[in-house]
Amino acid sequence: MKRRRRTKNPKSRPVLRVKRVSKIFADGGRAVSDVSFDAVEGELIVILGESGCGKTTTLKMINRLIDASNGSVEINGQNVSRIDPVHLRRTIGYVFQGIGLFSHMTVAENVGITPALLHWDEERIQIRVDELLAMVRLEPEKYRNRMPAELSGGQQQRVGFARALATSPSVILLDEPFGALDPITRDTLQHEFKHIQRSLNLTGVLVTHDVTEALLLADRILVMKSGTIVQFGTARDLVASPASLYVAELMDMPKRQMRQLESVVG
């Protein structure tokens with residue numbers, strides 16, 4: 001059965017609003033120029049583009065891992081520049097490209113680290129850890145006391161997702177979260193993440209260079225090139241009405257690969 005894609009409700013107030021954000025580094029290099037987009041509650045925005053296009057820099061300006069040179073970012077109507085960056089990052093979920101688990105901590109300690117930093121009591125932390133491990137399909141009794149080195153890559157990424165969700169953030173950021181996984185694990189986790197994102201009504205921004213991944217996961221896709229937005233819209237918008245030859249070529253890539261596959265196995 002064909003999946004019905006949720007579309008943005010124009011009456012909804014954006015949870016996340018990025019307004020004319022730019023990043024100019026000390027050497028004068030401009031990584032991002034005048035980028036604007038918003039996301040309503042429960043919407044997943046995918047930033048799509050080739051390496052060096054500014055997509056990860058844009059993502060990191062949302063939680064102030066990189067401070068914007070110009071423009072503003074608002075979460076739930078509050079300008080993030082007025083929030084202590086450490087506190088801000090503890091209220092935004094973040095899934096790293098390289099997973100980034102602490103190797104000297106158990107699975108439970110990794111998942112519970114942000115609640116611990118926010119001074120939750122131990123019982124509340126343990127209840128939340130077990131709840132999240134079950135959500136990402138890791139049996140708490142089996143996995144909570146394991147070390148990251150004892151897990152497969154897919155299991156480590158599940159722990160990464162659980163850690164990002166620990167404080168029930170209103171926004172989650174994901175930097176190439178499936179890029180290092182084998183194709184079978186990648187496909188499984190993509191579907192599981194989308195299910196979790198929808199069931200929790202999470203607002204998210206996901207960075208990828210994988211066109212198929214963007215088409216399958218996004219509610220809307222923001223295509224970037226050379227630090228600027230080339231087009232922003234639904235997958236249907238981009239496929240049916242590409243704004244440039246670059247977008248047209250990107251959107252044709254999965255179809256071209258499918259034709260090549262058919263010629264091999266047909």
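Two residues are said to be in contact when heavy atoms of theirs lie within 4.5 Å of each other. Among contacts in the protein chain between residues at least 6 apart in sequence, 68% join residues that are at least 24 apart. The structure is a predicted model, in which local features need a pLDDT of at least 70 and side-chain atom pairs count only at pLDDT 80 or more, while totals for chains, interfaces and linings use all residues. Residues are numbered from 1 along each chain as its sequence is written, and side-chain values use heavy atoms, with hydrogens and water left out.

We begin with the chain as a whole. The radius of gyration, taken over C-alpha atoms, can be set against a globule rule of 2.2 Å times the number of residues to the power 0.38. For 266 residues a compact globule would have a radius of gyration near 18 Å, and the 19 Å of the protein chain agrees with this. Along its principal axes, the C-alpha trace of the protein chain spans about 55 × 55 × 40 Å. A residue is called buried if its relative accessible area is under 20%, exposed if it is over 50%, and partly exposed in between, as judged with a 1.4 Å probe and protein chains only. By that standard, 49% of the 266 residues of the protein chain count as buried. The area that the protein chain exposes is about 13,500 Å², and carbon and sulfur atoms supply 51% of it; such accessible areas come from the Shrake-Rupley method with a 1.4 Å probe.

We turn next to the secondary structure. Helices (H or I, at least four residues) and strands (E, at least two) are DSSP runs, numbered from the N terminus, and the protein chain has 11 helices and 10 strands. Strands of a sheet pair through backbone hydrogen bonds, either parallel or antiparallel; here two strands are said to pair if DSSP finds at least two bridges between them.

One open sheet is formed by four strands in the order E2-E1-E4-E5, with antiparallel pairing. Strands E2 and E5 (78-79) stand at the edges, each with a single partner strand, so one side of each is left without a neighbour in the sheet. Within this sheet, strand E1 (residues 14-24) and strand E2 (residues 30-40) run antiparallel and are joined by seven bridges. Arg-17 has Asp-38 in E2 as its bridge partner, and Lys-23 has Val-32 in E2. The hairpin of E1 and E2 has five residues between the strands, and in it Gly-28 takes a positive phi near 90°.

Another set of pairings involves strand E9 (residues 220-225), which is largely enclosed by the rest of the structure because five of its six residues are buried. E9 pairs with strand E3 (residues 44-48) in the parallel sense over four bridges, and Val-46 stands opposite Ile-221 in E9. E9 also pairs with strand E10 (residues 228-233), in the antiparallel sense over five bridges. Ile-221 has Gly-233 in E10 as its bridge partner, while Lys-225 has Thr-228 in E10. The hairpin of E9 and E10 has two residues between the strands, and Ser-226 in that hairpin takes a positive phi near 50°.

Helix H1 (residues 55-62) is likewise largely enclosed by the rest of the structure, because six of its eight residues are buried. The buried residues of H1 are Lys-55, Thr-57, Thr-58, Leu-59, Met-61 and Ile-62. After H1 comes Arg-64, whose phi is positive, near 65°. Tyr-94, which has its place in strand E6 (residues 93-95), is buried with a relative accessible area of 9%. Not counting residues up to four places away in sequence, Tyr-94 touches Leu-59, Lys-60, Asn-63, Leu-65, Ala-164, Leu-173 and Asp-175.

Finally, two loops deserve a look. Most residues other than glycine have a negative phi. His-119, in the loop between helix H4 (113-117) and helix H5 (122-135), has a positive phi of about 65° although it is not a glycine. Glu-176, found in the loop between strand E7 (171-175) and helix H8 (183-199), has a positive phi of about 45° and is not a glycine either. The surroundings of these residues can be set side by side: His-119 counts as exposed at 71% relative accessibility, whereas Glu-176 is buried, with a relative accessible area of 6%.
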